[in-house]
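Reader: I've got a fresh model open and a few things I'd like to talk through. Mind if I fire some questions at you?

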Amino acid sequence: MKSILYYCIFISLFVFSCSSDDSSEEPSPTNTNLYFPPVNSDTWETISATELGYNETAKQSLLNYLEEKNTKGFIMLYNGRIVLEAYFNNHDESKLWYWASAGKTLTSTLSGIAQDEGLITINKKVSDYLGNGWTNAALEKENLITCKHLLSMNSGLDDTLGDDVSSSNLQYVADAGTRWAYHNVYVKMQDVIAEASNRSWNDYFNSKLKDKIGMNGGWFNIGDLNVYASNTLSMARFGLLIYADGNWDGTQIVSKSYLNEAINTSQNINEAYGYLWWLNGKSSYHLPQSQLEFNGKLVPNAPDDMYAALGKNDQKIYVVPSKKLVVVRLGDAADGDNFALSNFDNDLWAKINAFID
């Protein structure tokens, strides 16, 4: 009789223990598989902050901050699904906005696609594709510059002469690979790809990337700059592609091996720079228009594994694999004009952390 009583007590305690453990667990999202929105549709699945265990009370503070800081469009994706989508300051889901230098990552991605197709090799010199004389440097110095140097911002060409990339304005300062400087010369990769593919840059871009993942928008010229503009959702589509290792719903758009190079340190001067991508979690970083090295992480409040497309006046794509997040922000400058990184990045991540943690 005692043994039966002890057995009943044991079972009761076991059930209670299991029930207690279950009740202490954070909610797990129902949809855990990676989601891709249809290419030819505006349909996009959502997932609630509650289902993810996010702090709903911090959401309004984040939204208020975004509006206060001149944001136009903001999207947060969790494993591809929309957690938060908001528009402010007379903007909406259909309106286009410029990416500024965040669009450099589009050129990086197309460079990977062209290499995957055997059209280019980024370790080859630029003059193999554009011919001699594409710079004003002596031939032996020009021939040191590879496509990889353009993607890594260490061509050695003078960054103080403005955005004009005509040969007369591309002047030698240092041997390629010995000096990091943020420079519009990267755009010559668009010429390399056009020459190698025997197609226009726009045509190659549209057929190999834009149309395949359902982006809208297009390229336009502002002075010497070639700038991309789209709606906020299209920017999120591109961020999702990169988050998914270059694969869009089963179709490999750009190789994972190339992207792995692109989102890791590309040279030994600026640890926080890949192939036109900014990298968090490094011990030091350089900034545009400066030869100074700054100690510490690029965005201290952001996860170490975050990498980002950063554009003038706070155009942002943040990709954070550890959190399964893609975060996009378009709009006017949050505070003063800036070329890439600003105080807004760190302050925004403080608000995001309060929401997601």
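Reader: Let's start with R179: buried or exposed?

Author: Keep in mind that this is a predicted model. The cut-off for buried is under 20% relative accessible area. R179 has a relative accessible area of 16%, so it counts as buried.

Reader: Okay, and which side chain does the side chain of R179 make a polar contact with?

Author: R179 sits in the loop between α6 (147–152) and α7 (188–197). Among the residues it touches are M153, N154, L157, I269 and Q291. The polar contact, at 3.0 Å, is with the side chain of D159.

Reader: Over to the sheet, then. Which are the edge strands?

Author: Six strands make up an open sheet with antiparallel pairing, ordered β2-β1-β13-β12-β11-β8. Two of them pair on one side only, and those edge strands are β2 and β8 (278–279).

Reader: What stands opposite F74 in β2?

Author: β1 (residues 71–78) and β2 run antiparallel, joined by six bridges. They form a hairpin with two residues between them, and N79 in that turn has a positive phi of about 50°. Across from F74, in β2, you'll find A86.

Reader: And which residue in β13 is the bridge partner of G73?

Author: β1 is also tied to β13 (residues 325–331), by seven bridges in an antiparallel run. Look along β13 for the partner of G73 and you land on L330.

Reader: How does helix α11 run relative to β12?

Author: Helix α11 covers residues 343–356 and lies across β1, β2, β11, β12 and β13. Its angle to β12 is about 45°.

How values were computed
Residues are numbered from 1 along each chain as its sequence is written. This is a predicted model: local features need pLDDT of at least 70, side-chain atom pairs count only at pLDDT 80 or more; totals for chains, interfaces and linings use all residues. Side-chain values use heavy atoms; hydrogens and water are left out. Helices (H or I, at least four residues) and strands (E, at least two) are DSSP runs, numbered from the N terminus. Buried means under 20% relative accessible area, exposed over 50%, partly exposed in between (1.4 Å probe, protein chains only). A polar contact is a pair of N or O atoms within 3.5 Å; within protein, one must be able to donate a hydrogen and the other to accept it, and residues adjacent in sequence count only if both atoms are side-chain atoms. Contact means heavy atoms within 4.5 Å. Two strands pair if DSSP finds at least two bridges between them. Axes are lines fitted to C-alpha atoms, for helices over the stretch in contact, and angles run from 0 to 180 degrees between N-to-C directions. Lists of a residue's contacts leave out its neighbours within four places in sequence.
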